[in-house]
Amino acid sequence: MLSLLSLPGPLASIFSLNGHSRYLHVGWFLISVANLTVILLMIVVFVLALVLPFPNRETPQELLPSREKPQ
Amino acid sequence: MTVAGFPRNPDPSAEWTGAKRPYDLIKEATVALVAVTLLTVLLAALFSSPDDKPVTVSSWAAAAPKDFLTTALSELDGTSGIASYGPPYTKVPGAGQNIIGHLSIERLLGVQIPINPAEAFVLGPLSIPAQTSLPLRAALRDYRRAGAARQQVWTTAFGKALARAQFQNGRLVRPFGPGSYGPVPILIENLFAMARSGALDGALISTSRFYQTNFTKALLFLSDGGYLKERAAQQHLLGSQWGMMNETGNYPGQAWLWLYTFWYQVPPFATSTNADAQIWAIMAILSVALVCVPFIPGVRSLPRHLRIYRLIWRDYYRMAERAPPAVAPVVPQQE
Amino acid sequence: MSAPEKASTWTGRVRRAAVDAFPPERLLPETQPVYVASWVYVFGVLSLAAFAVIIASGCVLALAGPAWWHGSSIGHFVNSLHLWSTELFFFFMVVHLWAKFFMAAWRGRRALTWMTGAVVFLISIGAAFTGYLSQQNLDSQWIAGQAKDGLNASGIGSFFNVLNYGQMLMWHIVLLPLAVAVLVGLHILLVRRVGVCPPLPAREETP
């Protein structure tokens, strides 16, 4: 087990993100393609979360009556 | 029975007594945990993580010998970045950034992590090989005994010689040309040998204690040179490159630091000598503002005006429109 | 028949206060208000899940010490888990913050819920920062050298020395995760106590 833990060398990744880095440079604005991708993905995910229909939308008659008593 | 299941204008401070839907909290948390774990494993397997090798003093001296020696000389003669930094490292009158006007917390606190650059980075480490080298021991003694003015003459002259210097087989090529260098060449040549061998890396970390975990001296020395900065620039890590957000290679970095690094790119902070202090103050204020959003007029009413909530709760509003009308309670007839 | 209540002990008082504030059905409910029906509501639990993966991967990294991952394939993979779970944590947490802002979720005695969440966000930034310092690579060196200037300018650098590896590592693996965990726990208890914020009115009332 101990020898397994100390296997040398990095585990080869399927896509290497090392090497020449890509940047978007517009005037004074400079951002890595990686960071831009993450930020755009966040916006896309947020918008999808807003617009995608949520499952199990019960009609009012099917909803459970309130069981929890107010304090 | 009154039906108040879908109030159009629910009181947010009151306990919800309207309609409810089934909810499995533990199941939701379990699904989230499994999903996030799988996503993490997938990302780790696809992309791994960056691990650019750190710079050592040894690799610095080998890769950029002139930069290393120029830096070492500047530490010796008190012209280095750290020597003129001021608090918390060195006592330099007037040094330290101002937040506003002449208010400087840095200056108020004074020197808390004292560093004597000449001793810490040059003379102190050289005392180790000096134990077995008479010429080096004599050079150290002569340098320490000389007055500040004489030391300055030697280091200034040797600085000019260093600018023209050549290297061969990992050594400085003598002679250095005419000039009054005193013992400085011996000091610098020995420091260079120490650096190339790796001994200087060890010397900069060691103290009188056995166990070490503090790399202050080593990192300050590396930061004063140009080699670490050059390696960082290649990876877009400089402040002027929005570096705070960036990671080496094509890895995503710290995108959440976008606002902090933004200020360094725009005037007046881009050229201000007090940029760090000023931007820290701005970010402290904005951080407090973020925490206090519920109390800031204007900001706290933005959600109502932006109306994105109408998308979030559209199902509820639709159900509220379709809900059966409220039925008045049946009051039993009094006999 | 139970014996009459004796004079209250500290234990009894704490238990009664806890059960009063968090009756079991409030702490672990099986229903939720009907308006909690949007995908934006999942980002809180996703942030929590990511935090759990961060802690778990961090614990594995701690098993063999901070230098393990530089020379071990498995160690490097665990480090990658730790990095990507951190990226996911911030991803989900920021989307969660956006959602809560657009819902004005601080309404109705929920200001403290917002505030604890915002403080968690800020402390998490510190936790991530000390994590980068703990990596023992080029990134760590550069970040330390740069961050020292900002911290020194604010006075914090005198006491929070980013060049002191031992100090930064201990902040990263002890103090900051503890602070995040305590505040996240408080944040969740607050949500359970006052409930999920109800919708804003569908239409603004016109006078």
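**A walk around helix 11 of chain B**

Just past the end of helix 11 of chain B sits His236(B), whose phi angle is positive, at about 55°. Keep in mind as you look around that this model is predicted.

Now step back into the helix itself, which spans residues 227-234 of chain B. Which of its residues are buried? They are Tyr227(B), Leu228(B), Arg231(B) and Ala232(B). These residues lie on the same side of helix 11 of chain B, because the arc they cover around the axis is only 140°. A general rule helps here: an α-helix has 3.6 residues a turn, so residues three or four places apart point the same way.

What covers these buried residues of helix 11? From chain B, the cover includes helix 2 (57-63), helix 3 (65-77) and helix 10 (216-224). Chain C takes part as well, with its helix 6 (138-153).

Let us move over to chain C and pick out one residue. Val60(C) belongs to helix 3 of that chain, which covers residues 43-64. Is Val60(C) buried or partly exposed? It counts as partly exposed, because 17 C-beta neighbours lie inside 10 Å, while a buried residue needs 20 or more. You can also compare its place with that of Gln167(C): the two are 107 residues apart in sequence, and their C-alpha atoms are 20 Å apart in space.

Finally, turn to chain A. Its 71 residues include 10% that count as buried. Chain A has 2 helices and 2 strands, and if you follow them from the N terminus, their order is α-β-β-α.

Conventions. Residues are numbered from 1 along each chain as its sequence is written. Chains are lettered from A and ligands numbered from 1 in the order in which they are written. This is a predicted model: local features need pLDDT of at least 70, side-chain atom pairs count only at pLDDT 80 or more; totals for chains, interfaces and linings use all residues. Helices (H or I, at least four residues) and strands (E, at least two) are DSSP runs, numbered from the N terminus. A residue is buried if 20 or more other C-beta atoms lie within 10 Å of its own, exposed if 12 or fewer, and partly exposed in between; C-beta atoms are placed from the backbone. The arc is that of the directions from the helix axis to the C-beta atoms. Two residues are in contact if their C-beta atoms, placed from the backbone, lie within 7 Å.
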